[in-house]
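Trainee: I have a new structure open and would like to learn how its labels are earned. Could you walk me through it?

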Amino acid sequence: MFGLKTLLVKSRRLATALVCGVGLTAWGAAPITGAQTLWPGYFVDNIQTKAVAGTGAEAQDIAFRNARLAGLREVSARMVCAEGRDALRIPNDVALQEMVQSLELTDQKIIGNSYSGLINIAFDPSQVKTYLASQQAAFADGPAPTQLALPILRIDGGPAMAFDDNPWTALWSQGPNRAFLQSYDVAAGDEEDRVTFDPELPSSAATQVLLDKYGFMGALVVSAELTTGPEGQPMDLFVEAIRVGEGYGPNRVEVAMVADAEETLESLLSRAAEQVQLQTSAAYCDSSKQQVMPVFSINVVVIGTDVPTWLQVQDMLRAREEINVLSLVGQREGALDISVTFSGGLSQLQQVFGSVNYRLMAYTTQQVPQDAVQVFFFAQPNFQTLPQNVRILPMSDIQLAN
């Protein structure tokens, strides 16, 4: 029996091996050093491999092949859409070997005819892409452009924390894991950022200012609500991530988690951020890039409807993907006050209300047209006549700001 530390095995196609330096832990992956420019998704570390054969050397050959195959499965899982992974065929030994750019053996044991080892592998991007293209499976050609993350944390209903005050910011600034298809960086959190972005009232307009400042195409506003136990220990966490700007997949991502026994706050936040990034990476896989619709909030007066009738309508409206939040705020004589948070524009919101036979209109109490008017919104069943005591405004003339 013998052990061997950091033995570098060179690829047959390379004069010099490229040593992998990126781990697969969900957080804290080691940085790429030197001249390495490969996306970390092509690196797979700490592959445990074992085999038994006629001799120790034969067992080693089998174990190395198994490690290459395990590494390729890991890289494919990062790049290939979930529905296409089962269709991937195992490449032959020659093709599999050609896909390996370098292999680093960090530990091994040979006992008689058995072998076990711990191996890091860096895969060749062009060879991997050629293999995936031959499988007729949809896959991402490479990582998505890095996006801006704006993490917000609120503990037990307390004040919203952002930037340096927020323990979650440090986690997002280092990943969660650069091997995912979608990665994030955070804002500097300087005085200008703090004036621009209010975590208590995060807005798409303020987020867009930060996007322009830091040169990102898209951002994820990641709001987390943490509940703690009687001793201050983390109990559960709910995360709502809203996209702003250009991005991939849905406008809204949710994660709900329960803390494990004796789990630390950092661990729970880390797991939640990893789940968010897994979802955004999966969305990028199908290349469904789209301009994310802005999110706005308005108050609407509902007239000509009682509370029981409106609650039924409210349930139908909430089922629409354009509606983020819809809640009954209060009731007064002849009217209900509701709050609506929605994605898109007012014309889309009109169509949403129209789908349940309600008209959504904008109005002002100013009878004389002016350059600036105070705008209000009301909704009512289509069959009812419009009110006569207000001036109805064309929706196309109204520009919302959030």
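Mentor: Happily! Let's begin with strand 9, residues 252-258: Val253, Val255 and Met257 form a covered face, while Arg252, Glu254, Ala256 and Val258 form an uncovered one. Keep in mind throughout that this is a predicted model.

Trainee: Why do the residues of a strand sort into two faces like that?

Mentor: Because side chains in a regular strand alternate between the two faces of the sheet. You can follow that along strand 9, with Val253, Val255 and Met257 on the covered face.

Trainee: What makes strand 8 and strand 9 a pair?

Mentor: Two strands count as paired if there are at least two bridges between them. Strand 8 and strand 9 are joined by seven bridges, so they pair, and they run antiparallel. As one example, alanine 241 has valine 253 in strand 9 as its bridge partner.

Trainee: And what lies between strand 8 and strand 9 in their hairpin?

Mentor: Three residues separate the two strands of that hairpin. In the turn, glycine 249 has a positive phi of about 80°.

Trainee: Which residue that is not a glycine has a positive phi near 60°?

Mentor: That is glutamate 262. You will find glutamate 262 in the loop between strand 9 and helix 7 (265-285).

Trainee: Why is glutamate 262 called exposed?

Mentor: The word exposed calls for over 50% relative accessible area. Glutamate 262 has 82% relative accessibility, so it counts as exposed.

Trainee: How do you know that asparagine 357 counts as exposed?

Mentor: By the same kind of check. Its relative accessibility is 54%, and the cut-off is over 50%, so asparagine 357 counts as exposed. Asparagine 357 sits in the loop between helix 9 and strand 14, and it has a positive phi of about 65° although it is not a glycine.

Trainee: Then why is valine 325 called partly exposed?

Mentor: Buried means under 20%, exposed means over 50%, and partly exposed is what falls in between. With 40% relative accessibility, valine 325 therefore counts as partly exposed. Valine 325 belongs to strand 12.

Trainee: What does valine 325 touch, leaving aside its neighbours within four places in sequence?

Mentor: Valine 325 is in contact with Ser339, Val340 and Thr341. Threonine 341 is 16 residues from valine 325 in sequence, yet the two are 4.9 Å apart in space, C-alpha to C-alpha.

Trainee: What makes strand 12 and strand 13 a pair?

Mentor: Count the bridges again. Pairing needs at least two, and strand 12 (residues 323-332) and strand 13 (residues 335-343) are joined by eight, so they pair; they run antiparallel. Leucine 328 stands opposite isoleucine 338 in strand 13. Strand 12 and strand 13 form a hairpin with two residues between them, and glycine 334 in its turn has a positive phi of about 75°.

Trainee: Which residues of helix 9 are buried?

Mentor: In helix 9 (residues 346-354), they are Leu346, Leu349, Val352 and Phe353.

Trainee: How do you know that those buried residues are on the same side of helix 9?

Mentor: They cover an arc of only 110° around the axis, which puts them on the same side of helix 9. Their cover includes strand 11 (295-303), helix 8 (307-318), strand 12, strand 13, strand 14 (358-364) and strand 15 (376-381).

Trainee: What lines the largest pocket?

Mentor: The largest pocket, with a volume of about 640 Å³, is lined by 27 residues. Pro202, Val221, Ser223, Glu240 and Ile242 lie nearest its centre. Strand 8 gives the most to the lining, with five residues.

Trainee: What makes a space a cavity rather than a pocket?

Mentor: A cavity is a space where a 1.4 Å probe fits but cannot get out, whereas a pocket is open. The structure holds one cavity of 30 Å³ or more, and the volume of the largest cavity is about 40 Å³. Its lining residues include Ala149, Leu150 and Phe197, and strand 5 supplies the largest share of that lining, three residues.

Trainee: And how much of the whole protein is buried?

Mentor: Buried residues make up 46% of the 402 residues. The protein as a whole has nine helices and 16 strands.

Technical notes: Residues numbered from 1 in each chain as written. Predicted model: local features only at pLDDT ≥ 70, side-chain atom pairs only at ≥ 80, totals over all residues. Heavy atoms only, no water. Helix = DSSP H or I, 4+ residues; strand = E, 2+ residues; numbered from the N terminus. Buried < 20%, exposed > 50% of the residue type's maximum accessible area, 1.4 Å probe, protein only. Arc of directions from axis to C-beta. Contact = heavy atoms within 4.5 Å. 1 Å grid on protein atoms, 1.4 Å probe; cavity = no way out; pocket = protein on both sides within 12 Å on 5 of 7 lines; lining within 4 Å. Points joined across faces, edges and corners; volume = space filled by probe spheres on them.
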